[in-house]
Amino acid sequence: MSRRRPASTAARSCSGCTDALNDYLDFPHVGQCFLIERESVEKTTGKHSSEVVLGVTSRPSHNACPERLLKLNRGHWTIEAKHHKLDWNYDEDRSRIRTGRGPENITRLRRFALGVLKSFQKPGQSIAAMMRRLGRRSRTVMDYLRLTSNSRATVMA
């Protein structure tokens with residue numbers, strides 16, 4: 001499986017970390033404020049863009065230096081990128097399943113379904129398109145899961 005190359009190159013820096021504003025902020029458990037600057041260049045067009053992000057964290061300055069905050073912020077977006085597939089295809093953020101083990105169980109079932117779909121995904125084929133197709137053809141679902149005797153030999157494309 002090949003990884004996609006990024007469409008742009010980016011430079012990030014974290015500066016302006018301070019706890020001097022803590023007394024002025026109406027935010028519980030504030031540790032410090034920080035500023036992240038991002039500059040990127042679109043590889044295909046050469047277009048430059050810049051973005052400034054302000055943040056608040058509960059980690060005090062002795063626990064999180066600017067480099068650590070930058071790493072934590074970057075790690076947050078890798079998790080968010082994985083969640084994006086669940087939210088986009090299943091509208092998970094608007095789910096009304098909220099009690100007991102229900103939310104955890106439905107998320108596991110959805111991740112399993114995404115894994116099955118990814119195993120049959122062809123280059124250029126979107127998961128959303130596969131889900132729409134499967135919604136119209138329940139027999140294909142059985143073929144993907146290999147639950148019928150004639151689906152064990154080949155899986156419909």
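Is Arg108 buried or exposed? Arg108 is exposed, with a relative accessible area of 54%. This value, like the others in this report, is computed from a predicted model.

## Overall architecture

The secondary structure of the predicted chain consists of four helices and three strands. In sequence order these elements follow the pattern β-β-β-α-α-α-α. The chain has 157 residues, of which buried residues make up 21%.

Among the elements considered below are strand E1, covering 8-18, strand E2, residues 32-42, and strand E3, residues 48-57. On the helical side, helix H1 spans 66-90 and helix H2 spans 102-120, while helix H4 comprises residues 138-144.

## The strands and the E2-E3 hairpin

Strands E2 and E3 pair in the antiparallel sense, and their pairing runs over 10 bridges. One of the residues involved is Leu35, whose bridge partner in E3 is Leu54. The two strands form a hairpin with five residues between them. In the turn of this hairpin, Gly46 adopts a positive phi of about 80°.

A positive phi also occurs at His29, a residue other than glycine, where the value is near 65°. His29 belongs to the loop between strand E1 and E2. With a relative accessibility of 69%, His29 counts as exposed.

## A nonpolar patch on the surface

Leu21, Tyr24, Leu25, Phe27 and Val56 together make a nonpolar surface patch of about 500 Å². Leu21 is located in the loop between E1 and E2, the loop that also holds His29. At 40% relative accessibility, Leu21 counts as partly exposed. Patch members must have over 30% relative accessible area, and Leu21 therefore meets this part of the criterion with its 40%.

## Salt bridges in and beside helix H2

The count of salt bridges in the model comes to five. Side chains of opposite charge can pair when their charged atoms come close. Glu104 takes part in a salt bridge with Arg108, in which the closest N and O atoms are 3.0 Å apart. Glu104 and Arg108 are four residues apart in helix H2, so about one helical turn separates them.

Glu104 also meets Arg101 in a salt bridge, with an N to O distance of 3.5 Å. Arg101, Glu104 and Arg108 are thus linked in a network of salt bridges. The accessibility of the three residues can be set out in turn. Glu104 is partly exposed, at a relative accessible area of 35%. Arg101 is exposed, at 60%, and Arg108 is exposed as well, at 54%.

## A salt bridge within helix H4

In helix H4, the side chains of Arg139 and Asp143 meet in a salt bridge with an N to O distance of 3.2 Å. Arg139 and Asp143 lie four residues apart, about one turn of the helix. The two partners fall into separate accessibility classes: Arg139 is partly exposed, with a relative accessible area of 40%, whereas Asp143 is buried, with a value of 4%.

## Helices H1 and H2: a positive patch and a contact in space

Lys82, Lys85, Arg111 and Lys118 form a positive surface patch. Helix H1 and helix H2 each supply at least two residues of this patch. Lys85 is placed in helix H1. With a relative accessible area of 38%, Lys85 is partly exposed. Because membership of a patch requires over 30% relative accessible area, Lys85 satisfies that part of the criterion with its 38%.

Arg110, in contrast to the residues of the charged patch, is considered here for its cover and its position in space. Arg110 is placed in helix H2. At 14% relative accessibility, Arg110 counts as buried. The C-alpha atoms of Arg110 and Leu86 are 7.2 Å apart in space, although 24 residues separate Arg110 and Leu86 in sequence.

Notes
Residues are numbered from 1 along each chain as its sequence is written. This is a predicted model: local features need pLDDT of at least 70, side-chain atom pairs count only at pLDDT 80 or more; totals for chains, interfaces and linings use all residues. Side-chain values use heavy atoms; hydrogens and water are left out. Patches are made of residues with over 30% relative accessible area and no salt bridge: like charges are joined within 9 Å, nonpolar side chains (Val, Leu, Ile, Met, Phe, Trp, Tyr) within 5 Å. Accessible areas come from the Shrake-Rupley method with a 1.4 Å probe; for residues, only the protein chains shown count as cover. A salt bridge is a side-chain nitrogen of Lys or Arg within 4 Å of a carboxyl oxygen of Asp or Glu. Lys and Arg count as positive and Asp and Glu as negative; His and the chain ends are not counted. The place of a charge is taken as NZ of Lys, CZ of Arg, CG of Asp or CD of Glu. Buried means under 20% relative accessible area, exposed over 50%, partly exposed in between (1.4 Å probe, protein chains only). Two strands pair if DSSP finds at least two bridges between them.
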